[in-house]
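Here are my notes on the model you sent, set out as numbered points. Please read them with the structure open beside you.

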Amino acid sequence: MSKTIIISNRLPLQIKIEEDEISVSQSVGGLATGMKSVHEDGDSLWIGWSGLTEEEITDTTRDKVQKEIEKNKCAMVPLSEDDVDHFYYGFSNKTLWPLFHYFMEYTTFEQENWESYKRVNQKFADVVLDHVEDGDTIWVHDYQLLLLPNYIKQKKPDTNIGFFLHIPFPSYEVFRTFPWREEVLEGMLGADLIGFHTYDYERHFLSCVRRLIHLETNFNEISYDDRIIKVDSFPMGIDYDKFYNAALAHENMNGDEKSDIQKRLDEHLYSSDDAKMILSIDRLDYTKGIPNRIKAFEYFLEKYPEYQQKVRLIMLAVPSRSNVPQYQLLKRETDELVGRINGKFSTVSWTPVWYFYRSLPFDNLIDLYTSCDVAMITPIRDGMNLVAKEYVATRVKQDGVLVLSEMAGASKEMNEALLINPNNFEAIADKLKQALEMPKEEQKERITSMQARLKRYSVEKWAEEFFTALNTSKTVRNTIVSKKLTPALGDEIIEKYSSAKRRLVFLDYDGTLVGFNTNPQEAKPDEELYNLLDALYAQPDTDVILISGRDKETFTKWYGDKDYTMITEHGVWLKEPEEDWRILENVRKEWMPKLRPILETFVDRTPGTFIEEKNFSLAWHFRKVDPELASQRAVELKTVLNSLIANHHLSVLEGNKVIEIKSGNVNKGRAASRMLTRKDYDFVFAIGDDWTDEYMFRDLPDTAVTVKVGLQKTVAKYFVQNTKEVRKLLKRFADAPIEV
Ligand code: ADP
Ligand code: G6P
């Protein structure tokens, strides 16, 4: 039976070894806590790191560790001390984590760590490949494994792979500073579905894909090789019932069942009628804004002194990544700040901040959630923040107020919280006051609507929606793959080619024989291509025609000493062996000086664009421009041109990052049809990548073999993925035996 394979750096359980005995604890962090319930309920295998290095596991403990892992439906990726240093502390937590959270000043770029990151992602891939079976669905999680989807896809192209990023995806301006940006994007694009918590992260990712690896995106879909990758936002939820029911049980608990922590909390609550508690829970991480929060609380106590001796901040900071220097500094800063404030305000019966630096069991978390009147969650940057959601879920009496940072992904869904900018102490102090004084009725209204949403969009629902989208993306892929030029179809085509009496072959140039280059002059033919073309042109009873939008001067420069048949400017010029270029279409050019100034105004306003003046057409190229600006300007230019060219027998063509104005009756379809009528061909083949080639595909007879390069809408019969595939196919043509 097919299963789901969940893969994340950390397994939901963490194992420690002391004196040959193992102890197991639950992992903290949103990913592990959230996915845990998905894993428990489903038929799944979770692959990840146990928290132990290979060096720590001895012969005597290996079996015990293995048993514990298997008991939890998990499989282990063995990480050495060196891996943990360079991959986990190094690249994951000194490079990706700070960069993706906009802490550029904390970000280091170390080649050695990058090498380790690649190696460890490959280690994960190896374990996945050991366990994956046909029909399984793979779900990769988070920033530690950005390369993994592609590593798996390379080996198992038919497996459906989902990827979810649990942290923010930064804007292009930040992401572009990252030295290995292309590799990382390509790594993620191994997935069939890529999920983010919010639409902002999704749009940042799409923008980076467009700008950095120049892929076409259509709304939230990316065409990449022979696949369509879907990108979407799925705000992660919590196991609502688990938190709600635990809080209900807590409510009904009698005195002796109470934990020590609860007893201490009660002491404060019962100390006076207006005693209140404010809760703060996070991993001790600089993204969480802990120092800011303490300072804002200090500012609050100063601004509203009437709250002194009444309100207490209960602050739980869970130790995290303590080998990374920034976390050590943060620990010191937090200790000092708490010390300072407690020193400044404490009285015999009151300390303003209760600070716990440790991990607490679930029941104690519930003690804290249920006892505090206000939760103050103020990260500087946070992918989602589940603590905010958990606090709301435990408010079984529908009271309590959530003060939440706008910079947390959760703020997008929790509008009823009091939203604050974590850097604005003034506003935080005022919102805290508002929270503490909020009438019960209003608290109820806000909590009730947030609870309704959290209950509806629980973590189970979140996972379900992700899987549904992943299965749909599989269907999209399959319908498109049915047109793919498979090896079997390739054999059939070669067979027809070989057995025909007269062959006609049309070859587009840019994007077909050579890759798309941002500088057109650099897309010159290479040695391999010359050899391939020479071999093709040498085939008996075969007419090969290079058919391109290029001008004849460029082709003369590149192929001047060859006897190739060539058509340029989409069908204006024809060059045949041992002849000069001649005009194929009767075209006018008196319009060119009139329209050129209009294109020039677009060049002035859109830096990076340029005009190419061919003999009978004008082209405005925008391949080097920011894709969003380019598409906006392209629409503008087309509107302007369409109004000007009416009644002038001109047409506006949109190619790959180019808009071209030309005489109305010229296109590759007309040119190709004209060549077709010159002899009695019984095999016709055309291959091209862009919109201008569609004329050719459309106008050639139904019996023609038409092939599109890349996965886009086309009238061609087949498609191949890229220029490499094109050359492979043409090489088979060149080598095919032909009976003379
Ligand atoms: P992050 O993923 O950055 O750590 P989140 O707020 O999204 O932040 O998730 C934190 C998760 O860790 C929550 O599900 C919370 O219940 C859990 N957690 C926080 N503190 C503790 C703790 N002391 N012990 C156990 N689990 C904790
Ligand atoms: C965040 C990340 C998780 C990570 C967790 C705990 O939630 O998104 O991927 O597991 O923090 O961090 P740690 O470094 O201890 O795994």
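**Notes on the predicted model**

1. F425 is placed in helix 15, which covers residues 425-437, and the model in which it sits is a predicted one. With a relative accessible area of 27%, F425 is partly exposed, the class that lies between the 20% and 50% limits. Setting aside residues up to four places away in sequence, F425 touches N292, K295, A296 and Y299. Of these partners, N292 is 133 residues from F425 in sequence, yet the two C-alpha atoms are 7.9 Å apart in space.

2. Helix 11 (residues 290-303) can be taken next, together with helix 12 (residues 325-345): their axes come within 9 Å and cross at roughly 10 degrees. That angle makes helix 11 roughly parallel to helix 12, since angles under 35 degrees are counted in that way. The crossing of helix 11 with helix 12 is left-handed. On the side of helix 11 the contact is made by I290, P291, I294, K295, E298, L301 and E302, and on the side of helix 12 by L330, E333, T334, L337, V338, R340, I341, K344 and F345. Sorted by class, the residues of this contact between helix 11 and helix 12 come to 9 nonpolar, 1 polar and 6 charged. K295 deserves a second look, as it belongs to the contact with helix 12 and is also one of the residues touched by F425.

3. How far apart are the axes of helix 10 (residues 260-269) and helix 13 (residues 362-371), and at what angle do the two helices pack? The axes are 9 Å apart and the angle is about 15 degrees, and helix 10 and helix 13 are therefore roughly parallel to each other. Their crossing is right-handed. Helix 10 contributes I261, Q262, L265 and L269 to the contact, while helix 13 contributes N364, D367, L368 and S371. The contact of helix 10 with helix 13 divides into 4 nonpolar, 3 polar and 1 charged residues.

4. A further pair is formed by helix 18 (residues 487-499) and helix 25 (residues 723-735), which pack at an angle of about 35 degrees with their axes 10 Å apart. The crossing of helix 18 and helix 25 is right-handed. The residues that make the contact are P487, G490, D491, I493, I494 and Y497 from helix 18, and L729, R732 and F733 from helix 25. By class, the contact of helix 18 with helix 25 has 6 nonpolar, 1 polar and 2 charged residues.

5. F175 lies in helix 6, a run of residues 172-175. Is F175 buried or exposed? F175 counts as buried, because its relative accessibility is 0%. Apart from its neighbours within four places in sequence, F175 is in contact with F100, F169, P170, R181, V184, L185, C208 and L212. As a marker of distance across the model, the C-alpha atoms of F175 and E495 are separated by 49 Å, and the two residues are 320 residues apart along the chain.

6. Two backbone positions are worth checking by eye. Most residues other than glycine have a negative phi. D20, however, has a phi near 65 degrees, a positive value in a residue that is not glycine; D20 is found in the loop between strand 2 (13-18) and strand 3 (21-26), and it is partly exposed, with a relative accessible area of 36%. Q398 likewise has a positive phi, of about 55 degrees, although it is not a glycine. Q398 lies in the loop between helix 14 (386-393) and strand 16 (401-405). With a relative accessible area of 19%, Q398 is buried, a class whose limit is under 20%.

7. Some overall values give the setting for these points. The secondary structure of the protein comes to 25 helices and 29 strands, and its C-alpha atoms fill a box of roughly 105 × 65 × 40 Å along the principal axes. Of the 740 residues in the protein, 57% are buried. Among contacts with a separation of 6 or more, 71% are accounted for by residues 24 or more positions apart. The protein exposes about 31,100 Å², and carbon and sulfur atoms supply 48% of that area.

Notes: Residues are numbered from 1 along each chain as its sequence is written. Chains are lettered from A and ligands numbered from 1 in the order in which they are written. This is a predicted model: local features need pLDDT of at least 70, side-chain atom pairs count only at pLDDT 80 or more; totals for chains, interfaces and linings use all residues. Side-chain values use heavy atoms; hydrogens and water are left out. Axes are lines fitted to C-alpha atoms, for helices over the stretch in contact, and angles run from 0 to 180 degrees between N-to-C directions. Helices (H or I, at least four residues) and strands (E, at least two) are DSSP runs, numbered from the N terminus. Angles under 35 degrees count as roughly parallel, over 145 as roughly antiparallel, 65 to 115 as roughly perpendicular and the rest as oblique. A crossing is left-handed if the near helix is turned anticlockwise from the far one by less than a right angle, and right-handed if clockwise. Contact means heavy atoms within 4.5 Å. Ala, Val, Leu, Ile, Met, Phe, Trp, Tyr, Cys and Pro count as nonpolar, Asp, Glu, Lys and Arg as charged, and the others, Gly among them, as polar. Buried means under 20% relative accessible area, exposed over 50%, partly exposed in between (1.4 Å probe, protein chains only). Accessible areas come from the Shrake-Rupley method with a 1.4 Å probe; for residues, only the protein chains shown count as cover.
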